[in-house]
Amino acid sequence: MNEIQELKASAQREVDQVANLLIETSDWMYHNPEIGLQEHRASARLTDILTEFGATVERGIAGMPTAFAATLPGGGPGPKIAIIAEYDALPEVGHGCGHNIIATAALGASLALARMAGKLPGQVVVIGTPAEESAVPNAGGKIPILNHGYFEGIDAAIMIHPWTTDQLSYESSLVAHGLDFSFHGRSAHAAANPHDGINALDALIVMFSSVALLRQQIRSNARIHGIITHGGTAPNVIPAYTACRFRVRATDPAYARELVQRVIACGEAGAQATGARMEWNEYMPPYLNMVPSHTLGEAMKQNMVAIGREPQHRTSSDGSGSTDFGNVSHHVPSICAYLAICGPEAGWHSTAVADATVTERGHAAIVDGAKTLALTALDVLLNATLRVEAKREHDEAMLEVAV
């Protein structure tokens, strides 16, 4: 026990040694935001630093140029833990979800552990995962990384996320599907001969109206929301082409798939009502619900308390988000801690949140997040009982999911 505490104290000191580098990198990402699958500069900067600290870096994994896997020096036979980094921004908003903090906290934990090379059993791998935000087609970078086997042999996957409170959530996230719809009609002059046209915008509006009515009939913990991505070209032209994008979410995969079919039916209703032709496709792979590890969570909570944070347990609520980390949690024991950088008045996915990442509270979350990850990684690597219990819990949870 004394040896573990000494290693944890050493890890905290190592994080403090690189704190300025972490803050500088996060602030640079704030000023240079890149949306999903286009995070070339952020990925390069992170991997360059990891390489400098002795990590063996594989860039462009799983067919994504901005994805990476970095194995820290000194690893050998034994347990294996993955520290997750995200670094994509939101269109127009920038880092309104604080992924610059996620990335640099993961970096800080990794650099601290790299400096302890040779003192630890097993391996630490930093996995850089692009496009967590569903803002681009083929988002959800963790899913192809998972499919390409980079989480095989991993005993635990951990990450942190900035938020409005310090908390550990054992609540599930929402399953999420992403759907693109397009309607094809026939253009005509809207004043001279509108009767010769087939109005693709009318078809789209019928679809949105149908979805709005459908919302009354869905479960309270499900969500359907969408935007018009193309509504026509000029008001005096009957639109021959329109398009929209929807996200369909629910607490369990089966009900989410059911809702997808009902939303498609709403689109078909618009097409049938107007004579337009509808096409649809899933523009990204589905995000699965999060299966959080209580075993890892309790270890992470103790580490947060040890560095002066007071995490609360998030209670059940009607609202929740979605993440491709959920897909990872279906394969390996996984947990995410949340660290406060601003109050709830900032909202989320906003410029106010992005601005909060470069404040004193934002900078503190980077350092404390790095320490939380490093200390929890040490627990996983050094505590066989913790690993066994985390796997047992995960196996039982997945049996329930299968049912």
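In this predicted model, the axes of helix H7 (residues 294–306) and helix H10 come within 9 Å and cross at roughly 130°. H7 is therefore oblique to H10. The crossing of the two helices is right-handed. On the H7 side, the contact is made by Leu296, Ala299, Met300, Asn303 and Met304. Their counterparts in H10 are Thr372, Leu373, Leu375, Thr376, Asp379 and Val380. By class, the residues of this contact divide into 7 nonpolar, 3 polar and 1 charged.

A second helix pair is formed by H5 (residues 200–214) and H6 (residues 253–274). Their axes lie 8 Å apart, and the packing angle is about 140°. The category needs the cut-off: only angles over 145 degrees count as roughly antiparallel. H5 is therefore oblique to H6. H5 passes H6 in a right-handed crossing. The H5 face of the contact consists of Asp202, Ala203, Val206, Met207, Ser210, Val211 and Leu214. These residues meet Arg262, Val263, Cys266, Gly267, Ala269, Gly270, Ala271 and Thr274 in H6. The contact of H5 with H6 has 9 nonpolar, 4 polar and 2 charged residues.

Both of these helices also lie on strands. H5 lies across strand S7 (175–184), S8 and S9, and runs at about 15° to S9. H6 lies across S7, S8, S9 and S10. The direction of H6 is at about 10° to S7. These strands belong to an open sheet of 4 strands, ordered S8-S9-S7-S10. The pairing in this sheet is antiparallel. Its edge strands are S8 (223–230) and S10 (277–287), each of which pairs on one side only. On average, neighbouring strands of the sheet are turned by 20° against each other, direction ignored. S8 and S9 (residues 241–250) pair in the antiparallel sense over 7 bridges. Within this pairing, Arg223 has Arg249 in S9 as its bridge partner.

The model also contains an open sheet of 8 strands. The strand order is S1-S2-S4-S3-S5-S12-S6-S11, and the pairing is mixed. S1 and S11 (312–313) are the edge strands, and each pairs on one side only. Strands in a sheet pair through backbone hydrogen bonds, either parallel or antiparallel. S6 (residues 167–168) and S12 (residues 334–340) pair in the antiparallel sense, over 2 bridges. Leu168 stands opposite Ala337 in S12.

Helix H10 (residues 360–382) packs on this sheet. It touches strand S3 (80–85), S4, strand S5 (156–163) and S12. The direction of H10 makes about 165° with that of S5. H10 thus has contacts with strands of the sheet as well as with H7. Helix H2 (residues 40–52) lies across S1, strand S2 (68–71) and strand S4 (123–128). H2 runs at about 155° to S1.

Edge strand S1 spans residues 56–59 and includes Thr56. Thr56 counts as exposed because its relative accessibility is 57%, and the cut-off for exposed is over 50%. Neighbours within four places in sequence aside, Thr56 is in contact with Ala69, Ala70 and Thr71. Asp202, one of the H5 residues that meet H6, is 146 residues from Thr56 in sequence. In space, the two residues are 55 Å apart, C-alpha to C-alpha.

Backbone geometry was examined at two loop positions. Most residues other than glycine have a negative phi. Ala62 has a positive phi, near 55°. Ala62 lies in the loop between S1 and S2. At 12% relative accessibility, Ala62 counts as buried, because the limit for that class is under 20%. Glu92 also has a positive phi, of about 70°, although it is not a glycine. Glu92 lies in the loop between S3 and helix H3 (99–114). With a relative accessible area of 85%, Glu92 is exposed. The two loop residues thus fall in opposite classes: Ala62 is buried, whereas Glu92 is exposed.

Definitions and conventions
Residues numbered from 1 in each chain as written. Predicted model: local features only at pLDDT ≥ 70, side-chain atom pairs only at ≥ 80, totals over all residues. Heavy atoms only, no water. Axes fitted to C-alpha atoms, helices over the stretch in contact; angles between N-to-C directions. Parallel < 35°, antiparallel > 145°, perpendicular 65-115°, else oblique. Left-handed = near helix turned anticlockwise from the far one by under 90°. Contact = heavy atoms within 4.5 Å. Nonpolar A, V, L, I, M, F, W, Y, C, P; charged D, E, K, R; others polar. Buried < 20%, exposed > 50% of the residue type's maximum accessible area, 1.4 Å probe, protein only. Pairing = 2+ DSSP bridges.
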